Amino acid sequence: MSAPAPLLSVLCLTYNHEAFVAETMESFLAQRTGFEIEVVVADDCSTDATLHVVEGFRHRFGARLRVLRTDVNLGVTRNFRRALAACRGRYVALCEGDDHWRGHDKLQRQVDFLEAHPRYVLAFHDAVVIGRTSLAGRLQLPQRRFRRDASRAELSATRPISTLTVCFRNVLGPLPAELDQAPALDLCLWSLLGQHGEGRFMPDIEPACYRVHAGGVFSSQGERNRYVMTAQSLLALSRVYASNGQLALSERLLLQAGLMASRRMKVFTTLRLAAESLVWLVLRLLRTAWLTLTRRELR
């Protein structure tokens, strides 16, 4: 007989986080909750001792620690997809193996809020940058416009949120295949969650710690590459909504990707991405028109 599902699952992606993951795991253990939690660690074929460090916490977590392994590198989206599928909790909290939380009541406060406010789908707070970087000590959400609640429309339009601070309702289900082409997956998650509710900013929760280091999948990239990754993710998300028939949102995201590309990328790259997107959108519109005509003829 399997153990009852916990109320919350902590989803932790790891890849070559040997130097940091112990601090991450300790920050999970520091959380005091009046409900059961589990920790799902999905390792993406680390080549260092990350898994050895994680397994060293087995005696402290017991059955609450579940480790997913793989013999091949899956990439962020496929690794996240299998981790999310393994999460049994009603709520999911995110923190990768090179980041960590501070304080002891973050999870309790976020779950308490979501339990009491069904129109909200996620709760988040701020994080501070750490590591050997000129950005160390800065908040991830310094601008006032991001230090407030997020409407459904804002979430759908990929409003920036500090990923390692998010606790959300486990309502996403399987992620669309189109998101395999989305290197900035977190933006896509906020958008998909925005289809289910609003986001609550909780400024009184102690900022978490977002680590910038040479091995970071996103933080280690230069500014131009980060813009490219974001634009690619917006294009992938645009395809998801077009497939669902949400053409207005699809077109908005397509426009966001195009504007970002035009500001930051070389002309050739911009034109190529724009052409690919335009061709794809025209084909979608033609297919929709053809299906509509076919249905009329069958009546």
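This passage describes the strand arrangement of a predicted model, the helices that pack on the sheet, and the surroundings of serine 27.

In the predicted model, 7 strands form an open sheet with mixed pairing, in which the order of the strands is S3-S2-S1-S4-S7-S5-S8. The edges are occupied by strand S3 (65-68) and strand S8 (198-201), each of which has a single partner strand, so that one side of each lacks a neighbour in the sheet. From one strand to the next, the twist averages 20°. Within this order, strand S4 (residues 91-94) and strand S7 (residues 167-169) are paired in the antiparallel sense over 3 bridges, and tyrosine 91 is placed opposite arginine 169 in S7.

Helix H1 packs on the sheet through contacts with strand S1 (8-14), strand S2 (37-43) and S3, and the direction of H1 makes an angle of about 175° with that of S1. Helix H4 (residues 76-86) likewise packs on the sheet, touching S1, S2, S3, S4 and S7, with a direction at about 155° to that of S2.

Serine 27 lies in helix H1, which spans residues 21-29. The relative accessibility of serine 27 is 5%, and this residue therefore counts as buried, the cut-off for that class being under 20%. The side chain of serine 27 reaches the backbone oxygen of threonine 24 at 2.6 Å, and, when neighbours within four places in sequence are left aside, serine 27 is in contact with His100 and Trp101.

How values were computed. Residues are numbered from 1 along each chain as its sequence is written. This is a predicted model: local features need pLDDT of at least 70, side-chain atom pairs count only at pLDDT 80 or more; totals for chains, interfaces and linings use all residues. Side-chain values use heavy atoms; hydrogens and water are left out. Helices (H or I, at least four residues) and strands (E, at least two) are DSSP runs, numbered from the N terminus. Buried means under 20% relative accessible area, exposed over 50%, partly exposed in between (1.4 Å probe, protein chains only). A polar contact is a pair of N or O atoms within 3.5 Å; within protein, one must be able to donate a hydrogen and the other to accept it, and residues adjacent in sequence count only if both atoms are side-chain atoms. Contact means heavy atoms within 4.5 Å. Two strands pair if DSSP finds at least two bridges between them. Axes are lines fitted to C-alpha atoms, for helices over the stretch in contact, and angles run from 0 to 180 degrees between N-to-C directions.
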